[in-house]
Amino acid sequence: MTDTVSFGYEDVAPEEKTRRVGEVFSSVAAKYDLMNDAMSGGLHRLWKDKFVRRVKPRAGEHILDMAGGTGDIAFRMVKSGASITVADINPEMLAVGIERAAERGIASGREPDTGSLVWSEANAETLQWPDKFFDAYTIAFGIRNVTDIPKALREAHRVLKRGGRLFVLEFSTTEWPGFSEVYDAYSHKLVPKLGQMLAGDAESYRYLIESIRRFPKMPEFEAMIREAGFTQTKVEPLLGGLVAIHSGWKI
C-alpha cells in the first residue's frame, strides 16, 4: 500500500479516499439506478445480465456479492436458488437494497438459506467471514472504489473455497478507435451535468467518471488478480473494453 491512492484525478491519503468514497455513495444511494444509467447510457442492465450468466449461480451455493448494497446483482442471482450474502461498506446503499428486496417480495434473513438474501455491512479489505466460506465472490462496479485493491483481492481469495470462483464487472478502457474519444466527451462533459440535474450532485458523478480513468487497464488488473492467488484468469471485454468481466479460480 502506497502513501497515497487515487481519488478520481487526485492523489490522497488512503484514509481520506475511504472517507470520501463513503460520502459519494451516501450521496448517490437513493439515485443508484439513475447514476448507472447516466454512466452507461442504460447499458449497465444488459452488462449485469451477462455478468450473472457468466457466474452461473446454482441452487445450494453460498455467494458473496461484495459492494452490492442496492441488490442489482443479488436480485439476479437469487433466482437460481443460491444463498446470496450482499455486503457493502455503506449502510445507505444496503438500506436501499433491503427496501428494494421487500418491494420484490424476496426473502431476507440473518443466516444463509436456499434462495434467500443476507445483508451485511462489510469492508472488502477486512472481511469478517472465515477462510474457505463461499463458493463464489462477485463484485460489480465496486472494485475501483476500494482503497487497497490488492488487499481486497487477497481477501476474496481467502474467503473462497477451493474451486471457488471470482467474477469482477468493472469499467475499463475501450480499445475501439474513435469510440474512446466519444465516450470521454460524453462522460466528462455530460455525466456530471446529468448528476446535477437528476440527483443534485455533480461532484459525486465527476469522481465516479474520473475513477474509471484511473483504474488499471485490463491486462494490469488481470495481473493483480493472478498476484492475489487466482488461476485460470480471463478477461471478457464488452464494447471494446469500455467494460470488462474479469474472472479467476481458487485451486
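Here are three short exercises on helix H2 and on Thr138, each with a worked solution.

This is a predicted model, in which local features need pLDDT of at least 70, side-chain atom pairs count only at pLDDT 80 or more, and totals for chains, interfaces and linings use all residues. Residues are numbered from 1 along each chain as its sequence is written, and side-chain values use heavy atoms, with hydrogens and water left out.

**Exercise 1. Work out how H2 packs on H7: what is the angle, and which residues meet?**

Step 1: Grab the two helices, H2 (residues 32–40) and H7 (residues 179–199). Helices here are DSSP runs of H or I with at least four residues, strands are E runs of at least two, and both are numbered from the N terminus.

Step 2: Take the axes, which are lines fitted to C-alpha atoms over the stretch in contact, with angles running from 0 to 180 degrees between N-to-C directions. For this pair the angle is about 155 degrees and the axes are 8 Å apart. That makes H2 roughly antiparallel to H7 (under 35 degrees is roughly parallel, over 145 roughly antiparallel, 65 to 115 roughly perpendicular, the rest oblique).

Step 3: List the contacts (heavy atoms within 4.5 Å). Leu34, Asp37, Ala38 and Met39 in H2 meet Tyr183, Tyr186, Val191, Leu194 and Leu198 in H7. By class, that contact has 8 nonpolar, no polar and 1 charged residues.

**Exercise 2. Do the same for H2 and H8: what is the angle, and which residues meet?**

Step 1: H8 spans residues 202–214, and its axis lies 11 Å from that of H2, at an angle of about 50 degrees. H2 and H8 are therefore oblique to each other.

Step 2: On the H2 side you find Leu34, Met35, Ala38 and Met39; they meet Tyr205, Leu208, Ile209 and Ile212 in H8. The class count for this contact is 8 nonpolar, no polar and no charged residues.

Step 3: Check burial (under 20% relative accessible area is buried, over 50% exposed, in between partly exposed, with a 1.4 Å probe and protein chains only). Tyr32, Met35, Asn36, Ala38, Met39 and Ser40 in H2 are buried.

Step 4: Look just past the helix. Gly41 follows H2 and has a positive phi, near 65 degrees.

**Exercise 3. Place Thr138: is it buried or exposed, and which side chain does it join in a polar contact?**

Step 1: Thr138 sits in strand S6 (residues 134–140).

Step 2: With a relative accessible area of 0%, Thr138 is buried.

Step 3: Its side chain and that of Asp65 are joined by a polar contact of 2.8 Å.

Technical notes
Nonpolar A, V, L, I, M, F, W, Y, C, P; charged D, E, K, R; others polar. Polar contact = N/O pair within 3.5 Å; in protein donor to acceptor, adjacent residues only side chain to side chain.
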